[in-house]
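Please open the model in your viewer and keep the selection panel at hand. The tour below moves from one selection to the next and says what is to be found at each stop.

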Amino acid sequence: MGDENSLEELSYQSGYGNSFSSEALAGALPHGQNSPLLCPYSLYAEQISGTSFTSPRKLNLRSWLYRIKPSVTHEPFKPRVPSHGKLLSEFDRSNSSATPTQLRWKPVEIPDSPTDFVDGLFTVCGAGSSFLRHGFAVHMYTANKSMDNCAFCNADGDFLIVPQKGRLWITTECGKLQVSPGEVAILPQGFRFAVDLPDGPSRGYVAEIFGAHFQLPDLGPIGANGLAAPRDFLAPTAWFEDGRRPGYTIVQKFGGELFTAKQDFSPFNVVAWHGNHVPYKYDLSKFCPYNTVLVDHSDPSINTVLTAPTDKPGVALLDFVVFPPRWLVAEHTFRPPYYHRNCMSEFMGLIYGGYEAKADGFLPGGSSLHSCMTPHGPDTKTYEATIARGNEPGPFRIKDTMAFMFESCLMPRVCAWALESPFMDHDYYQCWIGLRSHFTWESRNATSKDDNEVDGKTAK
Ligand SMILES: O=C(O)Cc1cc(O)ccc1O
Ligand SMILES: [Fe+2]
């Protein structure tokens, strides 16, 4: 499949949340109804629902797939053997730990032994439960070979895949997506997909959400345009393969466990489809960032690409936020991210370049976790350099960088293998230990002196 892909310039359908339709053979989509007694080309009609049948219309997600054989034509599911057992979809004391410590990982090495996307996927942290349809997981993958005669299907939740190294050529039931580092792909719950690695060694991050779907954030006072534009989200066009594929395996993630089922055909046998429940991709370089243009540092929510809501207004199950190249222009302002403690929890990754709050140690392919109310902020070097630069440094362009954050209202528990990982940066706390007191009883701001008299001295 890889060679065939390389010659192909894929075509996509654009628009977020659209009602799409696509046919790989002219006339394959039925007209006027979804389930004719006999479909064109004698295809089977099959619906995939991403929301309950009765979800409100504006939230309702479903697609109709017209396929050569229906998905149900397979042998019974069996537990997958061997299974590395490093995937979780519910988090409790028995399988993961709570820690308020600032955590950071160096880039995870990509193995030499043959490892495909499924074998290379492991959970780092998460909260809640796929069984209860509320929660999230953060995974990473390291892989070096394409999936062979098998497809993956995640019954637990939606995947947001952030490749950091190596392109992913993803065949889905709706067609193909070619996803490069700097782009992201969303694979909604239940879609079967296979990942080819045209570049070999690959690494990336995955956010998984249970019981919710991503949507574009509201723009509020920003207006009708800005941040991620709906038309830059790309869905596939129908693509199918026919014929016998003996021993084809469906690997199903269900409650965090892997199951396999054999069938004698490819699941990528959808000749035409229509609907609004689809895999899609987005190129982060298209993001149109907004920011302060006078003073202070904007909260990172200003850079939200996609958000998965909870039932509480403004409280995200998971926000996907980016820190892209942009101009910093704020006057008499500490421009890097401020020091803070957040009731939300922040997992960060770096796709390329450096990150404005960390002079050292946060590397492309690495990650960090600052959980609920865990203090964090710029490292000592960044703080000292910022202060040395002085009050009026002029416009500065942050270049060649793409960091991101998965931010959740739920408190993540961390997997043992992530805490015990050889890539854990045990010295992370050292990056702040050097922050010394710059406090002086001499106020620099003479005008406010009188307002700040404490015990006859000036506190500022
Ligand atoms: O902690 C971080 O680096 C992420 C972050 C960035 C920012 O610009 C403001 C707040 C914030 O949490
Ligand atoms: Fe933060």
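Two strands count as paired when DSSP finds at least two bridges between them. With that in mind, and remembering throughout that this is a predicted model, select strand β14 (residues 183–187) together with β21, which pair in the antiparallel sense over four bridges. Within this pair, V184 stands opposite Y282 in β21.

**The whole chain**

Now zoom out until the entire chain is visible. Its secondary structure comes to four helices and 31 strands. The radius of gyration is 24 Å, close to the 23 Å that the globule rule gives for 460 residues, so the chain is as compact as a globular protein of that length. If you turn the C-alpha trace along its principal axes, it spans about 90 × 45 × 40 Å. Of the 460 residues, 40% count as buried, and among contacts between residues at least 6 apart in sequence, 77% join residues at least 24 apart.

**The ten-stranded sheet**

Return to β14 and β21 and extend the selection to the open sheet that contains them, in which ten strands follow the order β1-β17-β21-β14-β11-β16-β9-β8-β29-β6 with antiparallel pairing. At the edges stand β1 (12–14) and β6 (96–97), each with a single partner strand, so one side of each is left without a neighbour in the sheet. Strands of a sheet pair through backbone hydrogen bonds, either parallel or antiparallel.

**The seven-stranded sheet**

Next, select the strands β5-β19-β18-β10-β15-β12-β13, given here in the order in which these seven form an open sheet, and note that the pairing is mixed. Here the edges are held by β5 (78–79) and β13 (175–179), and because each has a single partner strand, one side of each is left without a neighbour in the sheet. For a closer view, pick strand β12 (residues 168–172), which runs antiparallel to β13 and is joined to β13 by five bridges; in this pair W169 stands opposite Q178 of β13.

**A hairpin**

Move on to strand β22 (residues 304–309), where five of the six residues are buried, so the strand is largely enclosed by the rest of the structure. Its antiparallel pairing with strand β23 (residues 316–323) runs over five bridges, and L306 stands opposite F320 in β23. Six residues lie between the strands of this hairpin, in which G314 takes a positive phi near 80°.

**Around ligand 1**

Which residues should you select around ligand 1? They are H297, P300, P337, H340, E346, A357, H370, H376 and M405, and by class this shell has four nonpolar, four polar and one charged residues. Several of the next stops belong to this list, including H297, E346 and H376.

Begin with H297, which the UniProt annotation "active site" covers in an unreviewed entry. H297 sits in the loop between β21 (280–283) and β22, and it is partly exposed, with 18 other C-beta atoms within 10 Å. Leaving aside neighbours within four places in sequence, H297 is in contact with T292, T333, F334, R335, P337 and Y338.

The UniProt feature "binding site", again from an unreviewed entry, is placed at E346, Y355 and H376. Select E346 in strand β25 (residues 345–352): is this residue buried or exposed? With 21 C-beta neighbours inside 10 Å, E346 counts as buried, the cut-off for burial being 20 or more. Not counting residues up to four places away in sequence, E346 touches H370, M405 and E407.

H376 lies in the loop between β26 (367–370) and α2 (380–389), and with 22 C-beta neighbours inside 10 Å H376 also counts as buried. Apart from its neighbours within four places in sequence, H376 is in contact with Q102 and H370, so that residue H370 may be kept in view from the previous stop, where E346 touches H370.

**A last stop in a loop**

Finally, select P111 in the loop between β7 (103–105) and β8 (121–129). P111 is partly exposed, with 13 other C-beta atoms within 10 Å. From C-alpha to C-alpha, P111 and A143 are 7.0 Å apart in space, and they are 32 residues apart in sequence. Not counting residues up to four places away in sequence, P111 touches T142 and N144.

Definitions and conventions:
Residues numbered from 1 in each chain as written. Chains lettered and ligands numbered in written order. Predicted model: local features only at pLDDT ≥ 70, side-chain atom pairs only at ≥ 80, totals over all residues. Helix = DSSP H or I, 4+ residues; strand = E, 2+ residues; numbered from the N terminus. Rg over C-alpha atoms; globule rule 2.2 N^0.38 Å. Buried ≥ 20, exposed ≤ 12 C-beta atoms within 10 Å, placed from the backbone. Contact = placed C-beta atoms within 7 Å. UniProt positions renumbered as here; feature names shortened; annotations may be inferred. Near = placed C-beta within 6 Å. Nonpolar A, V, L, I, M, F, W, Y, C, P; charged D, E, K, R; others polar.
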